[in-house]
Amino acid sequence: CLNCHIDVGHYDPNRTHTRNVEFGSNVSAARELFTSPAAVTSHETFTETLPNTTVSFKMIAIPGGSFEMGSPESEQMRSSDEGPVRKVNISPFFMAETEVTWNEFLAFYASTAGEGRSTDTEGARTLAETDVDAISGPTPPYGQPDQNWGMGSRPAITMSYKAAEVYCQWLSQITGKNYRLPTEAEWEYAARGGTSTPYFFEGNPRDFSKKGVFGKFFGKENDLIGQYVIYLANSLNKTHTPDQVKANPFGLKNMLGNAAEYCSDWYAADAYSGLSDGVTDPQGPATGEERVVRGGTFKSDAGRIRCAARDYTRTDAWLVTDPQIPKSIWWLSDCNHVSFRVVCDFNEKTGKFKKFTPFPDEIPLGEIGIDAEGRITEKPRQPQPKVSKEPPTLEEARRMTSEEIAQFLPHGKE
């Protein structure tokens, strides 16, 4: 109750103040269900389809490349944890066009919460009780997780980092692919979309900040940032649907603003100091207490929605008013501005062949093989040695193999 009063400033009869046992019960409309996940045969943008649901979403093919991670000391409104700048190499991968929507998350909720648990421990599955592949999802939340702003294509919010991880496990299981949260390096690389400026569009943070606080929607600066970002100046203090903004150069929407996004890395203020220039696909610190959060939110000023801006989870503070003992492992009672976005590995399950020795000895000459780049090819025959048309001298014959000598003998003779 306290959290609702803090949020809206007065009692709101539309708020749900008890455990919302009906949450997610009407997730499917009367439409044809998908029967299988998307088949992916190459590194190209595809639309994922969730079997036995009406839910689909676009996965953008992100090309591999290099970029400067972090921000230079000269960048306006930067923080010290954004440096030192490091050159980082990123392998190709797929990333969702938008943050995970309520439609997508509720498909997961309906699939994994069907055992009817009312608490985080009641009826919890064990390996002895059920299939080892079964996944237990979130318990019913207290209140209305969407804050009564609406669900549908808005970003799913108020779920914990654990809930995001389990969602990725479930998504991997039902599609046969490897879905996960992005690393911090992948996230910033994708957000920049090949640019190296504070935003993936033109503009200075201080100009946007001044216009945002005092000028609201007036001025060319706000006209520009408002085309791409939902933030403090234009959000009306809530999330919005992705069709309200334009995509970045890679085709991704809401990478900046709207709802912040979990990354898989542990947060450390000095994380970049431990990276060497030219590192490939860094994973972040090995241990930590809080996870990285990126992108800024609908509550953020222009300085906090720069591509390099870093943030982190605040587990205890985000559960202060949770009435459960122990606190929920699935839902955040005091955080309505964090969501997540999934990435999918580009591997043998999504169109990339495993690299291996293209022509092992056991493949006979002339038979079909696959080279290291996945191309179908034929194992070349060994070139025949060049020999003189005249029979070799004794000295020449001593330097030849038996196969070479056999060319000068009548057929069948040894």
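Reader: Which strands make up the open sheet of four strands, and in what order do they lie?

Author: Bear in mind that this is a predicted model. To read a sheet, one follows its strands from one side to the other and then looks at the sense of each pairing. Here the order is E10-E9-E7-E11, and the pairing is mixed. Strand E10 (310–312) and strand E11 (338–339) stand at the edges with a single partner strand each, so one side of each has no neighbour in the sheet.

Reader: Which pairs of strands run parallel, and which antiparallel?

Author: Each pair is taken in turn. Strand E7 (residues 260–266) and E11 run parallel and are joined by two bridges, whereas E7 and E9 run antiparallel, with three bridges between them. E9 also pairs with E10 in the antiparallel sense, again over three bridges.

Reader: What are the bridge partners of Glu 261 in E11 and in E9?

Author: A residue in an inner strand can be followed to both sides. Glu 261 has Ser 339 as its bridge partner in E11 and Arg 294 as its bridge partner in E9, while Arg 294 in turn stands opposite Arg 310 in E10.

Reader: Which way do the residues of strand E9 point, and are they buried or exposed?

Author: In strand E9 (residues 291–294), Arg 291 and Val 293 point one way and Val 292 and Arg 294 the other, and all of them are buried.

Reader: How many residues of helix H2 are buried, and what covers them?

Author: Helix H2 (residues 102–112) is mostly covered, with eight of its 11 residues buried, among them Trp 102, Phe 105 and Tyr 109. The cover over these buried residues includes strand E2 (56–62) and helix H3 (161–175).

Definitions and conventions: Residues numbered from 1 in each chain as written. Predicted model: local features only at pLDDT ≥ 70, side-chain atom pairs only at ≥ 80, totals over all residues. Heavy atoms only, no water. Pairing = 2+ DSSP bridges. Buried < 20%, exposed > 50% of the residue type's maximum accessible area, 1.4 Å probe, protein only. Contact = heavy atoms within 4.5 Å.
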